[in-house]
Amino acid sequence: MKKIMIRCLVPFFTLILLVGLVGCSSASEPKQEPNQEQKQEETKNTVQEVVQHIAGLPQGFPQELPIYTGAKVIESDNFNGNNYTILYSVNADYDKVLKFYVDAMDLDSAVAGDGDAYYEGIDFGDIFVMGLTIESAGDAVNVYMTLQDNNQNEGEADDSDNDVASSIVTYDMAEEVSLDESYPEDLVPIPDGAKIIGCSMVPGTSSGFVDLILPGSEFDATAKFYTEELGLTPDNNVTSAQETAAFKGEFSDIKVEILISHLLNEGNDTFVQIITNGK
């Protein structure tokens, strides 16, 4: 009887051992991280659901544009047909919002600052993001984007050359918008000849964003203008693709950031983004 019990228990313990080994084997397998394409697809699916439930967006605003969950739109406009601006605030950590956009748009996190980040010339499917600013504002984060939805041009022209040309906002074809009366123009003036193509200010404050466009040949003159007007030394950067001049300063308790950029490809003009943040 004892021999029979021992023989029966041997297979039983062998089975337990095998199950344990299988469990250890599966647990020890390294977790496979999703690649960039998978991250973007997951973000896109989440974004479409988020955008559909955000109030304050103009008709035609692209639903595939990444917007952080919980965003409250301060202002969003449509101009020049298929061009849009959006300024929103969200109660979240700056690092989390930055990572959201780095993953969604395949951006380089190394160029981001401590509490603020600026990117330009981002191709996101049929959307061309001219400028993306992410800025920490105390317990919240402000996000501002200017973009063009090239998908809305489909069917309007069959000529591929015309499609390429239409994806570039030029000084000659840009339509101006009004400058918000709360913008501190006495502290941060607008250069003569500049066209205001975007303006979003937090109601009742001196905090917000202004986008300007000037002819491509005016890059140096614009940088000189703000150097003399603000008394600041720009941080200049020139690559084979673009030239930029960045200014940072504080005037009368208003933090000011200005980025002047000019893509060196033929047909591109000078863009200026001004950010003011009143305390």
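Me: Which strands each supply at least two residues of the lining of the largest pocket?

Reply: Strand 3 (116-124), strand 4 (127-137), strand 8, strand 9 (242-251), strand 10 (254-263) and strand 11 each do so. Strands here are DSSP runs of E of at least two residues, numbered from the N terminus. The model is predicted: local features need pLDDT of at least 70, side-chain atom pairs count only at pLDDT 80 or more, and totals for chains, interfaces and linings use all residues. Residues are numbered from 1 along each chain as its sequence is written, and side-chain values use heavy atoms, with hydrogens and water left out.

Me: What makes a space a pocket, and what is the volume of the largest pocket?

Reply: On a 1 Å grid over the protein atoms alone, a pocket is an open set of points with protein on both sides within 12 Å along at least five of seven lines, whereas a cavity is a set where a 1.4 Å probe fits but cannot get out; lining residues have an atom within 4 Å of a point. Points are joined across faces, edges and corners, and the volume is the space filled by probe spheres set on them. By that account the largest pocket has about 750 Å³. Its lining comprises 26 residues, and Tyr118, Tyr119, Thr244, Ala246 and Leu259 lie nearest its centre. Strand 3 gives the largest share, seven residues.

Me: How many residues of each class line the largest pocket?

Reply: Twelve are nonpolar, eight polar and six charged. Nonpolar covers Ala, Val, Leu, Ile, Met, Phe, Trp, Tyr, Cys and Pro; charged covers Asp, Glu, Lys and Arg; the others, Gly among them, are polar.

Me: How many cavities of 30 Å³ or more does the structure hold, and what lines the largest cavity?

Reply: There is one cavity of 30 Å³ or more, and the largest cavity contains about 50 Å³ of space. Its lining residues include Ile74, Glu135, Phe209 and Thr276. Strand 7 (208-214) and strand 11 (270-278) are the elements that give two or more residues to this lining, with strand 11 giving the most, three residues. The lining divides into five nonpolar, five polar and one charged residue.

Me: Why are strand 6 and strand 8 said to stand at the edges of their sheet?

Reply: Two strands pair if DSSP finds at least two bridges between them. Six strands form an open, antiparallel sheet in the order 6-7-11-10-9-8. Strand 6 (195-201) and strand 8 (235-238) each have a single partner strand, so one side of each is left without a neighbour in the sheet.

Me: How many bridges join strand 7 to strand 11?

Reply: Seven bridges join these antiparallel strands, which therefore meet the requirement of at least two for a pair. Val210 stands opposite Ile274 in strand 11.

Technical notes:
Helix = DSSP H or I, 4+ residues; strand = E, 2+ residues; numbered from the N terminus.
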